[in-house]
Each structure stands twice: as structure tokens, then as C-alpha cells.
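Biologist: Hi! I'm new to this one, could you walk me through it?

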Amino acid sequence: MRYSIKAGSPEKISADCVVVPIWNKGTLSEEAKQIDVAANKAISKILQSGDLVGKLGETQLIHNPVGVAAKRVLLVGAGDKKKLNGKAAAKMLGAALKVSRKSQAGAVHFALNSLAVTDRDSAWLAARLSQEAEIASYQYDTTKSKKAKAYATKSVSITALPGSRRKNLEAGLKRGQAIGKAVNRARELGNLPGNVCTPSYLAQQATSLADRNRSVTTQVLSEKQMARLGMGSLLSVGTGSAEESKLIVMRYKGAKVESKPYAIVGKGITFDTGGISLKPGGAMDEMKFDMCGAASVVATMGAVAELKLPINVVGVVAAAENMPSSRATKPGDIVTSMSGKTIEVLNTDAEGRLVLCDALTYVEKFKPRSVIDIATLTGAAVATFGSHANALLSNNDKLAEILIDCGEEVLDRAWQLPLWDDYQSLLNSNFADIANIGGPRAGTITAACFLSRFTEKQKWAHLDIAGSAWHSGAQKGATGRPVSLLVEYLSRQKA
Ligand code: BES
Ligand code: MN
Ligand code: ZN
């Protein structure tokens, strides 16, 4: 997709489709008025008919309007002018793009000069437009024999917005495009089936990212190399699988070598059967999404490189397949983590924390300024937050606050749960230093408590994305969350 800024009043813009907003109660926006005058009151007539009232996200397509240069005019409801915040604006853009995607319009122009978003600036709006356009253009067809019809829209433009420099809008468009592409990359990795997207496949993807970007280097540790480092916990998860576990280490260099990096660590269980503590059969297919944390890390590294952020970032993926077999780890088995702590594996389905703890110990060697892990870790996070919030737990309230703010800004929201010491004793074990489960209650918190035992020396936050990473049901598919949150966080950091 190409993005640009176009000057000119909406009726004179030559495009296949011009999008103009309508406020609620059928109030014409400035752009809609200009078109209405040129087009012989075509819009007023529609509003009089009552077919469109300007409700947020409502749409109406007009073909071949007289007196207008564009082939189509798309009216989009913008709702209450005083309530058009960032979230509402994103919904409006998404609704317009959904219609233009179905049409055959190759060049779509958004005439939004008069639009003021209450709590965001125009560069944000430009970024959101390109991000939404990228996301709207993604359709999964990799493993279908009939390929999806190519998306007709090839270019999206926006009118120069008031009070904003062209340069800022252009930067916004670039930024949103990079984020949107990264979100799609994460979605694609998530959507691929477990027999394609294996730990080795993830490693290949990370390696090819480094091949495409000079600023990124990727190192893949084999099981043998991990054994030498003492990663008995991570390795215990993959012992039942024919697929080799991998520790994937991606390093992005955007600042001086000695500048301490920011670390992101992803759970990459490419399929989670539960192991010997086998999961029930219903919807088990969705456990191919158990590597969405890893996908968000790989995709974020790509966006960081594309945006040339002036910092260093290290992205680590702990990849394994959790299978039952005669070699699989059994309940009651005790493993020794890289940190030296011993772990009693009371439930082999609590495997995410087992791979993450060694990856978190491993990143200590980079002396990161902050560490964020991203994991589809607990069913309890789905029960608590549904699909709207990323669960956030941290040993540093300042870091948590920043992440909440970043999520708010990019509409990829996170909400904090307590990481109080009171919960730690639930992980006591009679036979090892720590148990890998904390019982049936407060599952998201006890999972984070487990991880906190391995991040004591670090400024660390944990995002449990079990509810936000994919949709179930008819719309089944990966969402690409929390890529935009991670990119926002990293964009705000300094070397
Ligand atoms: N990958 C799952 C978590 C999950 C379950 C995500 C359902 C989304 C939907 C994780 O490995 C897991 O199985 N967690 C267990 C932990 C329990 C055994 C302590 C869970 O949440 O049930
Ligand atoms: Mn599990
Ligand atoms: Zn899992």
C-alpha cells in the first residue's frame, strides 16, 4: 500500500473513492458540505431520506456523483463531534476501510480536514489511518488452495490536516504503516498451523528478518547449546516432542554498541497439548496460537528495524512444542533451571512459565534497561479480562504505568493486576525450590509470581495476552496484539 498527503478540496480530488465524515443527526462535515454543493445536494438528499444518520461507523457509498472528480463518495458516520476521541476515530476509519476494501476502488482518499480528534493530534490520526489500512488489507490464505482475491486498494491518501506540518503527517503515515505491517506479520505467524509453524520455523523467520535488515542479527541456540547453559526448565517442555526446541535471540542495533538494550521475551509454544497433563479436546486447535507472544516479539523487532529507532533492543523467543510421549516430562518431575533454582513440575500444562523462566535468566546477560515478557500464559487471564485487556503485572510500578499509558495511546490496552508477596507462598513445593503451579485460584497472578522469581534483579513487566492474542468463533484468528503497544513503548525510549 502507498500512502500520501493530497491537497485540494474534496470534490476536486481525483480518486476512486473519497471518504467524508457525517456527524450525528445528519450534520454535514465541512468536507461533506463541499461535496454536497458540487454534487447538487446529493448528500443532503440521502440524509433527508433517513438512510444515514451519522452514527459512528455507519457507511453509505455513492457511485458516480455528479460534479465530483472522484468515482465514488463514501459517507462515514463520525458520531457526536464532542465525543470523537481516538478510539471513536479508529472505529470510523476501520468502518470506512471495510467498505472500500469490498469495493474495487484502487485509490482511496480520506478528506478529514475539519476533523478534530478530542484527545489525539493529527499525526496520530494519520498513523492510525495507515495502520488501519494495513490491517484491513490482511487476509489469511496461506494454507488455502484458492487464494484470496487481491485487495483492490493500492493507495490511500489523506488531506493535509490543519495545524499540522506535512512532515509530521508523513512521519505518522510511515509509522502507522510499519506498525500495521508488523501486526499483520504477527497475525500470520499466529494463524499458521502447528505443523507448519514449529520452533524451527520461528527460528527461520527470525533469521530471515536479520537477512533483510542489516541492523538485526539473529542467533539460534540448539537444544545442545541450551543444555550447556543449564536450561533444564525450558528443555523439559520439549522432551515429548519430535520438534527441536529453540532459543531465538534477535539483536537490533540502533544505538552505540555500549548502549544497554531493552529486552522483549516471547512465549513460543508452537502447540500446547498440555503434555502428560493433557488438555481436554474441545477447541484444542486454538493452542496453535500459544506462540503469539513469540510472534509479537519477532514482528516488533521488524517494526523497530523499519522505524530505525535510536536504541538497542534484544528480542528473545523461547520456542518449544508441548507434547505427551514416553519421553515427556511427567507430573512430579523436578527440573533445574538456568538460575540454579529447582522446579517441581506439578502440571505439565503450565509449560509457558517453564520456557520463559530460562529465557528471562538468559537475558540478564545483556543487562537490559527493562525486560518485558509477552505470553499466552493463563486461561485465568481470559476469565478475568476477556479479549479487551492485556493482563499486566510488574515488579516496577513506574514501568507498569508507562505500559498502561502506551496501550491507551495506541488502543492496545493493558490493565494491571497485583504482584503482592502474599501470593508467593502458593508456589511452595515440598520437593523443590518452587512448584510450577499455584493452585486453582488467582491463576494469572501466581503465574506471574513464578516468573518474578527469575527476574528479581531486573526491571520487569509481564503481559499475559491469553485473552487478547486471538479471536475464537467465526472470526477465529490472531489479532497481532500487543505489537502496537510494544512498538509504542520502544518508540518512547532513549539510548
Ligand atoms: N497456553 C495455556 C494458557 C491458555 C489457555 C491460553 C486457554 C488461552 C486459552 C497455558 O499453557 C496453560 O495451559 N495454562 C494453564 C495453567 C494451569 C495448568 C496452572 C491454564 O491456564 O489452565
Ligand atoms: Mn499449557
Ligand atoms: Zn501454553
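Modeller: Happy to; here is a short tour, from the whole chain down to the metals.

Modeller: This is a predicted model, so local features need pLDDT of at least 70 and side-chain atom pairs count only at pLDDT 80 or more, while totals for chains, interfaces and linings use all residues. Residues are numbered from 1 along each chain as its sequence is written, chains are lettered from A and ligands numbered from 1 in the order in which they are written, and side-chain values use heavy atoms, with hydrogens and water left out.

Biologist: Thanks! How many helices and strands does the protein chain have?

Modeller: There are 14 helices and 20 strands. Helices (H or I, at least four residues) and strands (E, at least two) are DSSP runs, numbered from the N terminus.

Biologist: And what is the radius of gyration of the protein chain?

Modeller: The protein chain has 24 Å, which agrees with the value near 23 Å for a compact globule of 495 residues. That radius is taken over C-alpha atoms, and the globule rule is 2.2 Å times the number of residues to the power 0.38. The C-alpha trace spans about 80 × 50 × 45 Å along its principal axes. Of the 495 residues, 58% count as buried; buried means under 20% relative accessible area, with exposed over 50% and partly exposed in between (1.4 Å probe, protein chains only).

Biologist: On to the metals. Which residues are the protein donors of the zinc ion (ligand 3)?

Modeller: K267 (NZ), D272 (OD), D290 (OD) and E351 (OE) lie 2.0 to 2.4 Å from the zinc ion (ligand 3). Donors are N, O and S atoms within 2.8 Å of the metal (3.2 Å for Na, K and Ca), and water is not among the atoms, so sites may look incomplete.

Biologist: Why is the arrangement around the zinc ion (ligand 3) octahedral?

Modeller: Because its six donor atoms subtend angles of 79 to 174°. Six donors count as octahedral if opposite donors are over 155 degrees apart and all others between 65 and 115; anything else is irregular, apart from four donors, which are tetrahedral if all angles lie between 85 and 135 degrees or square planar by the same test as octahedral.

Biologist: What coordinates the manganese ion (ligand 2)?

Modeller: D272 (OD), D349 (O), D349 (OD) and E351 (OE) do, at 2.1 to 2.2 Å. Here the six donor atoms subtend angles of 70 to 166°, which makes the arrangement irregular. The manganese ion (ligand 2) and the zinc ion (ligand 3) are 3.2 Å apart, and D272 coordinates both. D272 sits in strand β10 and E351 in the loop between β13 (342-345) and α10 (352-363), 79 residues apart.

Biologist: Are D272 and E351 buried or exposed?

Modeller: D272 is buried, with a relative accessible area of 3%, and E351 is buried too, at 1%.

Biologist: Changing topic: what does strand β6 pair with?

Modeller: Strand β2 (residues 17-23) runs parallel to β6, joined by three bridges, and strand β7 (residues 155-159) pairs with β6 in the parallel sense over four. Two strands pair if DSSP finds at least two bridges between them. F110 in β6 stands opposite V19, and its bridge partner in β7 is I158.

Biologist: Which residues cover the faces of β6?

Modeller: A107 and H109 on one side and V108 and F110 on the other are all buried, so both faces are covered.

Biologist: Last one: how many residues of α9 are buried?

Modeller: 14 of its 15 residues are.
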